[in-house]
Amino acid sequence: MNQSKKQLVELAVIILFILGISALIWNITPYSSMPARVAPTTGTTADATPATANQVPADKQWSHGRELFKNNCASCHNPKVAQTGPALIGVTKRWEDGGSYQGKTGKQWLYAWIKNWHDPVDAKYPYAVGIQNYSPSFMNTFTNLKDEDIDAILHYVETPAVAQALP
Ligand code: HEC
């Protein structure tokens, strides 16, 4: 065997060795390090699948909330984008942060606002007085909505993935 042939063989051995090591590493790590797959949810698995942050939940309360939102609120609100009214995602926390006032929690004032926004404004609840100047338009009143309906609407608008499933 002459010198250059010997070098060629050495090179081939080194390459095979590297390929072998890579194959080994690839084999050890293939899918175990990948995030677990999330099964897609459909509207038919009602109440069965707990929602994660980026999933659209398929529970009945959420569908009820979407229906109510579509029929009563969507003309002025989008969950994620400011329109005539503010974007509603995060609204529960904004009112909770508004704090208690005259024996009602911020969240109770939020429910009062949605039913009839005049009530918290007339009571001079500071957060409501502030948000009232958001737009020159006025919100409708929704005295027909029950607390459970508002629970559902808030559940719907507070879902981060909601924009993927807009009415
Ligand atoms: C005719 C338009 C209109 C409709 C319909 C409407 N809103 Fe509003 N909403 C507004 C406006 C405008 C504001 C901001 C307050 C203001 O400028 O008077 C607002 C404010 C709010 C706020 C306070 C937002 C914040 O950031 O604190 C909530 C909560 C809210 N709306 C919920 C609803 C819900 C729930 C519905 C449906 C049941 C609804 N709105 C329907 C116009 C509307």
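Colleague: Let's start with the ligand. Which residues come nearest to it, of the 27 around it?

Modeller: Keep in mind that this is a predicted model. A residue counts as near a molecule if one of its heavy atoms lies within 4 Å of it. By that reading, 27 residues surround the ligand, and Cys 73, Cys 76, His 77, Tyr 127 and Met 139 come nearest.

Colleague: Which helices supply at least two residues each to that shell?

Modeller: Helices H3, H4 and H6 do.

Colleague: And how do the shell residues divide into nonpolar, polar and charged?

Modeller: In the shell around the ligand, 17 residues are nonpolar, nine are polar and one is charged.

Colleague: Okay, now the polar contacts. How should I read those?

Modeller: Look for a pair of N or O atoms within 3.5 Å. Try Trp 95 to begin with: an N or O atom in its side chain is 2.8 Å from an oxygen atom of the ligand.

Colleague: What about the backbone? Which part of Gln 132 lies 3.2 Å from an oxygen atom of the ligand?

Modeller: That one is a polar backbone atom of Gln 132. Ser 137 also takes part through its backbone, with an N or O atom 3.4 Å from an oxygen atom of the ligand.

Colleague: How do people find the empty space that a ligand could occupy?

Modeller: Rolling a probe the size of a water molecule over the atoms shows where empty space is left. In this model, the largest pocket holds about 570 Å³ of space.

Colleague: Where does the ligand sit relative to that pocket?

Modeller: The ligand sits in the largest pocket.

Colleague: Which residues lie nearest the centre of the largest pocket?

Modeller: The lining has 30 residues, and those nearest the centre are His 77, Gly 85, Pro 86, Trp 113 and Met 139. As for the helices, H3 (91-98), H4 (106-115), H6 (126-131) and H7 (147-157) each give two or more residues to the lining.

Colleague: How many residues of that lining are nonpolar, polar and charged?

Modeller: You'll find 20 nonpolar residues, nine polar ones and one charged one in the lining.

Colleague: His 77 keeps coming up. Is His 77 buried or exposed?

Modeller: For this you check the relative accessible area, where buried means under 20%. His 77 has 11%, so it is buried. You can find His 77 in the loop between helix H2 (60-72) and H3. A polar atom of its side chain lies 2.9 Å from the backbone oxygen of Pro 86.

Colleague: Ser 75 is in that part of the chain too. Is Ser 75 buried or exposed?

Modeller: Ser 75 also lies in the loop between H2 and H3. Exposed means over 50%, and Ser 75 has 64% relative accessibility, so it counts as exposed. Try a spacing there as well: Ser 75 and Gly 85 are ten residues apart in sequence, with their C-alpha atoms 9.3 Å apart in space.

Colleague: Can you show me another spacing like that? How far apart are the C-alpha atoms of Gly 98 and Leu 110?

Modeller: They are separated by 9.6 Å, with their positions twelve residues apart along the chain counted as the step from one to the other. Gly 98 belongs to helix H3. Its relative accessible area is 33%, so Gly 98 is partly exposed.

Colleague: Stay in helix H3 for a moment. Which side chain does Thr 92 join through a polar contact?

Modeller: The partner is Glu 158, and the contact between the two side chains is 2.5 Å. Thr 92 is in helix H3, and at 13% relative accessibility it counts as buried.

Colleague: What about backbone angles? What is phi of Gln 102 near?

Modeller: Phi of Gln 102 is near 45 degrees, a positive value in a residue other than glycine. Gln 102 is in the loop between H3 and H4, and it counts as exposed because its relative accessibility is 58%.

Colleague: Where does Lys 124 lie?

Modeller: Look in the loop between helix H5 (118-122) and H6. Phi of Lys 124 is near 65 degrees, again a positive value in a residue other than glycine. With a relative accessible area of 59%, Lys 124 is exposed.

Colleague: Last one, zooming out. How many helices and strands are in the chain?

Modeller: The chain has seven helices and zero strands, which reads along the sequence as α-α-α-α-α-α-α. Of its 167 residues, 28% are buried.

Conventions. Residues numbered from 1 in each chain as written. Predicted model: local features only at pLDDT ≥ 70, side-chain atom pairs only at ≥ 80, totals over all residues. Heavy atoms only, no water. 1 Å grid on protein atoms, 1.4 Å probe; cavity = no way out; pocket = protein on both sides within 12 Å on 5 of 7 lines; lining within 4 Å. Points joined across faces, edges and corners; volume = space filled by probe spheres on them. Helix = DSSP H or I, 4+ residues; strand = E, 2+ residues; numbered from the N terminus. Nonpolar A, V, L, I, M, F, W, Y, C, P; charged D, E, K, R; others polar. Polar contact = N/O pair within 3.5 Å; in protein donor to acceptor, adjacent residues only side chain to side chain. Sits in = over half its atoms within 2 Å of the grid points. Buried < 20%, exposed > 50% of the residue type's maximum accessible area, 1.4 Å probe, protein only.
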